Structure formats: C-alpha cells, structure tokens
Amino acid sequence: MQTRGTDFDGRSDYGPFIAAGIPAGGTFTGAEGIKTSAQAALWGGTAGQAFDVCYHRSCDTTANINDTALNRNADAIAYAVWTVATAVPPVVVWQDTFETATGWTANPNGTDTAATGLWERGDPQATTSSGAKQLGTTVSGTNDLVTGRLAGSSAGDHDIDGGVTSIQSPPITLPSAGPLNLSLSYYLAHGSNSSSADYLRVRVVGSTTTTVLDQPGAATNRNGAWTTASASLNAYAGQTVRILIDAADASGASLVEAGVDDVTITR
C-alpha cells in the first residue's frame with residue numbers, strides 16, 4: 001500500500017493535544033481536498049474530485065464507508081499501537097521541568113544586548129495582542145523558562161526588546177552509549193511587525209556546537225502555542241554538554257515572546 005505523509009495542522013480533534021505539547025499521530029484517507037492526478041495514480045479514484053465527495057454532506061452515512069480503506073487503516077493503527085505498547089520505554093538521562101532552580105545561567109557569555117524580556121524561570125503571566133503572545137500556561141507544573149514572565153499593562157511592556165537574551169543549562173554528563181535524544185516544548189510568538197531577524201534558537205554546546213532548533217520570526221502575526229521539538233544527541237555521547245537557548249528581537253520595535261518547558265534527554 002502506497003502511503004504519503006500529511007501535515008498535522010491542528011484543524012481536527014488532535015489540535016488541542018498538540019497545542020498542549022502532547023504528541024499526536026494517526027492515519028488519514030482524505031476529506032474535502034481535491035485529488036491530484038499523481039494521487040489518483042497512487043490510490044485510484046478520479047483526479048480533480050474530492051477524496052471524499054460526501055465529506056460533511058448528507059450522503060456521509062454508513063452506506064458511504066469504503067471497506068477496503070477501513071480495513072487497511074485499522075490494520076495500520078493496530079500495528080502502530082502494538083509497536084508502541086511493546087516497545088522498551090526510554091530511560092531519562094536528564095530532565096528539567098523548571099519547577100525548581102537547577103542552575104541555569106542567564107547571559108552566560110556576557111554578550112546579551114536585550115534591555116527587557118530577559119530569560120528567567122518563573123510562573124508566566126499571559127499577554128495578548130491580536131491573539132495570545134506570552135502564554136500564562138505551561139506544559140507541566142507552574143513554571144517554565146520565559147522571556148520576562150510579567151504581563152504589565154500592555155503586551156509590549158516585558159517582551160524582548162533591544163536584541164538578544166540567552167540562558168544556559170548546568171553541565172549535563174551524557175552516557176557513552178546511545179541512542180540519545182533531546183526533546184523539549186517551546187513557542188515563539190510575535191506580532192506582524194516582526195521579521196526573520198527575530199528568532200528562538202536552541203543549541204547544544206560540547207566539543208562542538210549544534211543548533212537543534214532555529215525558529216525565525218516573520219512579518220505576520222504568530223500566536224503562542226506550545227509545540228515540541230526533538231534532536232539526536234548521539235554525536236555527544238560520553239561528553240559533558242550544556243543547552244544554550246537564545247531569543248532575539250532584532251527587528252526594531254517588534255513584539256516578541258518565547259517560552260521553553262520540559263527539556264528532556266533520554267536514552
């Protein structure tokens with residue numbers, strides 16, 4: 001059976017899970033989207049018509065079930081559930097949920113230029129400007145890493161202004177055997193006065209430095225929403241590393257907020 005990936009864009013039932021930083025997945029046979037000729041060649045049907053011509057219409061009844069598609073998707077879901085259920089769970093090597101102070105250092109290299117919105121660990125206060133900007137909720141617990149946790153009388157009172165703010169983890173000694181994986185939850189929020197000069201960046205610093213997350217801004221409104229990122233740390237096995245997080249408002253007077261929570265390294 002030929003398969004292709006599809007974006008999880010939050011438009012369906014899984015959206016609230018992704019927004020809360022909970023991984024989601026599934027299978028999809030198509031809805032009102034129009035089938036291309038290449039897709040018709042892969043799966044049959046008629047190019048130029050909807051994948052499901054009865055999607056959200058009166059003909060969307062039990063008489064419209066495709067038994068072949070149902071059987072194949074049920075098999076795929078059963079296989080995925082069995083694989084996850086019987087897998088050996090990863091071992092947590094290091095984790096920080098930011099509920100207690102563990103030794104993160106702000107401006108570790110003494111080169112930060114931001115005047116406000118500096119990284120800190122704390123209980124964030126929500127701000128809004130054309131939608132949510134600083135999130136007042138965390139992925140877990142009460143605290144996270146946030147760029148200026150206070151709200152102020154307006155959304156721009158405590159956002160990042162004037163350049164770069166950074167914060168670095170305490171030393172983390174990694175085991176010599178892998179596989180090693182880093183995961184974290186994050187958001188970058190900004191107004192339409194942002195640009196690609198603004199960013200949220202996460203790097204791993206050891207014998208070399210690797211950028212594991214590079215989220216630029218853009219000249220569009222972007223509301224805060226928790227999402228997850230992951231990266232392999234196999235290249236750092238046996239080393240002592242630090243996680244360095246930078247965020248920047250480099251577009252002049254743009255509104256920029258960022259948050260990070262639940263940083264975990266597993267083997």
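**A walk from strand β5 into the core**

Start by selecting strand β2 (residues 105-106) together with β5: the two pair in the antiparallel sense, over two bridges. Keep in mind as you click around that this is a predicted model. To see the pairing up close, show T105 and look across to β5, where Q168 stands opposite.

Now colour the whole of β5, residues 164-168. Is this strand largely enclosed or not, and why? Four of its five residues are buried, so β5 is largely enclosed by the rest of the structure.

Next, bring up β11 (residues 240-248), another antiparallel partner of β5, joined to it by five bridges. For a handy landmark on this pairing, pick T165 and find its bridge partner in β11, A247.

Stay on β11 and select I243. Leaving aside residues up to four places away in sequence, I243 touches W94, W104, L182, V202, R203 and V263, among others. Its contacts also include I167, Q168, S169 and I172, and you've already met Q168 as the residue opposite T105.

From here, step into the largest nonpolar core, which has 33 residues. Show W119, L200, I243 and I245 as sticks: these have the most contacts inside that core. Which elements give two or more residues to it? Select β7 (181-190), β8 (199-205), β9 (209-216), β10 (227-232), β11 and β12 (256-266). Of the core's residues, the largest share comes from β12, which supplies five.

Last stop: there is another core, lying apart from that one, with five residues. Select L135, V146, A189 and W226, which are among them.

Definitions and conventions: Residues are numbered from 1 along each chain as its sequence is written. This is a predicted model: local features need pLDDT of at least 70, side-chain atom pairs count only at pLDDT 80 or more; totals for chains, interfaces and linings use all residues. Side-chain values use heavy atoms; hydrogens and water are left out. Buried means under 20% relative accessible area, exposed over 50%, partly exposed in between (1.4 Å probe, protein chains only). Two strands pair if DSSP finds at least two bridges between them. A nonpolar core is a set of buried Ala, Val, Leu, Ile, Met, Phe, Trp, Tyr and Cys residues joined through side-chain atoms within 4.5 Å. Contact means heavy atoms within 4.5 Å.
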